[in-house]
Amino acid sequence: MLFFRLLSRLPMPVLYVFSDFLFFVSFYLIKYRRKVVIMNLQNSFPEKTAKEHQMLAKAFYHNLCDVIVESLKLLTISVKDLEKMVEINGQEVIDECLRNNEVMLIMSSHINCWELVPPRTTQTGVLIDVIYKPLSSPFFDKLMYTIRSRFNITPIPMKQTFREMVKKKGQPRIVGIISDQAAETPDLAYWTTFLHQETDFFLGTEKMARSFNYPILYGEMVRKRRGRYVINYSLLVERPYEQYQMGEITEIYARTLEKSIQENPSDWLWSHRRFKHKRVNK
């Protein structure tokens, strides 16, 4: 842990040089999950050529390595540097919910450095809980917990989500959820066509929103240039939720996320096995 903490104290220009080195190793030498990345890009963008897929893959690996060093920087980054690195657009949506003393569910995704979103957003004065899936490695799970719990943020293991929601009911805050992961139980998931593929989505966020009548926001992180980002917050759907059938809210999220990915394809996490599940009953 000490080594990573010392490494995180390096200036960002130096860390980006380290990122470039990681890119060379991961892309050209070990070819980290290269087959998964290319297969995902081919299936998601069948209209593109093999050369275009390779170009997207190369840009993705650059982004992935930046995500690594930017996440590491969160161990020691100052509030001033964090605010300089990330802007927020749509603060008025959050402020309106806070005026109404509401809990906000924010459906985000693995676009650019998603770890920057909660610590930057909490600087606006709102408490944040982040739902996360514990890592299999105890060391890296502890490291990520340390990163995610800075700035008075509360990380909550995924399996404890509903219990914590009930426990903290009525406490105004943001509950951040990375919602583009494959479902734990695909037979109970919401299935839709996403990036030209049958894809399963968690229904948990939609069910929580319906149960507690919490507003759902969409959080989109866009890169302005290397090391400079803007988080766009917007209301995903209007209440009352009774106007939507079960699954429709998740469908709206899927379409919104799909648009974000298509606008900046290389910024999404193509190395994760997002499409690993197959639909059994249609």
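The side chain of Ser 71 reaches the backbone oxygen of Val 67 at 2.8 Å, and that contact makes a good way into this predicted model. Ser 71 sits in helix 4 and is buried, with a relative accessible area of 8%. Setting aside neighbours within four places in sequence, Ser 71 is in contact with Cys 113, Glu 115 and Ile 147.

**The cysteines**

One of those contacts, Cys 113, leads to the question of disulfides. How many disulfides does the model contain? The count is zero. Cys 65 is in no disulfide, and the nearest cysteine sulfur, that of Cys 113, lies 12 Å away. Seen from the other end, Cys 113 is in no disulfide either, with the sulfur of Cys 65 as its nearest at 12 Å. A disulfide would need the two sulfur atoms within 2.5 Å. Both side chains are shielded: Cys 65 is buried at 2% relative accessible area, and Cys 113 is buried at 0%.

**The sheet**

Let us turn to the strands. Seven of them form an open sheet with mixed pairing, in the order 1-9-8-2-5-3-4. Which strands lie at the edges? They are strand 1 (86-89) and strand 4 (154-157), each of which pairs on one side only. From one strand to the next, the twist averages 25°. As general background, strands of a sheet pair through backbone hydrogen bonds, in either a parallel or an antiparallel sense.

At one edge, strand 1 runs parallel to strand 9, and four bridges join the two. Val 86 has Tyr 229 as its bridge partner in strand 9, while Asn 89 stands opposite Asn 232 of strand 9. The side chains of strand 1 alternate: Val 86 and Ile 88 point to one face and are buried, whereas Glu 87 and Asn 89 point to the other face and are not.

Strand 9 also pairs with strand 8, here in the antiparallel sense and over eight bridges. Tyr 218 has Ser 234 of strand 9 as its bridge partner. The two strands form a hairpin with two residues between them, and Gly 227 in the turn has a positive phi of about 85°.

At the other edge, strand 3 (residues 128-132) and strand 4 run parallel, joined by four bridges. There, Ile 131 is partnered by Ile 156 of strand 4.

Helices pack on this sheet as well. Helix 6 (residues 91-99) touches strand 1, strand 2 (103-108), strand 5 (173-178), strand 8 (216-225) and strand 9 (228-235), and its direction makes about 45° with that of strand 9. Helix 10 (residues 204-212) touches strand 2, strand 5 and strand 8, and its direction makes about 160° with that of strand 2.

**The nonpolar core**

The largest nonpolar core has 81 residues. Which of them touch the most other members? They are Met 85, Leu 116, Phe 194, Ile 216, Ile 261, Trp 268 and Trp 270. Helix 4 (residues 50-73) gives the most to this core, with nine residues.

Ile 216 is worth a look on screen. Leaving aside neighbours within four places in sequence, its contacts include Leu 105, Met 107, Ala 209, Ser 234, Tyr 241 and Ile 249.

**Backbone features and helix 11**

In general, most residues other than glycine have a negative phi, and most peptide bonds are trans. Two non-glycine residues with positive phi are set side by side here.

| Residue | Phi | Location | Relative accessibility |
|---|---|---|---|
| Lys 31 | about 50° | loop between helix 2 (12-29) and helix 3 (34-44) | 46%, partly exposed |
| Asn 101 | near 55° | loop between helix 6 and strand 2 | 54%, exposed |

There is a cis peptide bond too: it joins Arg 239 and Pro 240, with omega at about 10°. Pro 240 lies in the loop between strand 9 and helix 11.

Helix 11 (residues 248-263) includes Glu 263. Is Glu 263 buried or partly exposed? At 45% relative accessibility, Glu 263 counts as partly exposed. Glu 263 and Val 222 are 41 residues apart in sequence, and their C-alpha atoms are 9.9 Å apart in space.

Terms used. Residues numbered from 1 in each chain as written. Predicted model: local features only at pLDDT ≥ 70, side-chain atom pairs only at ≥ 80, totals over all residues. Heavy atoms only, no water. Buried < 20%, exposed > 50% of the residue type's maximum accessible area, 1.4 Å probe, protein only. Pairing = 2+ DSSP bridges. Axes fitted to C-alpha atoms, helices over the stretch in contact; angles between N-to-C directions. Contact = heavy atoms within 4.5 Å. Core = buried A, V, L, I, M, F, W, Y, C linked by side-chain atoms within 4.5 Å. Polar contact = N/O pair within 3.5 Å; in protein donor to acceptor, adjacent residues only side chain to side chain.
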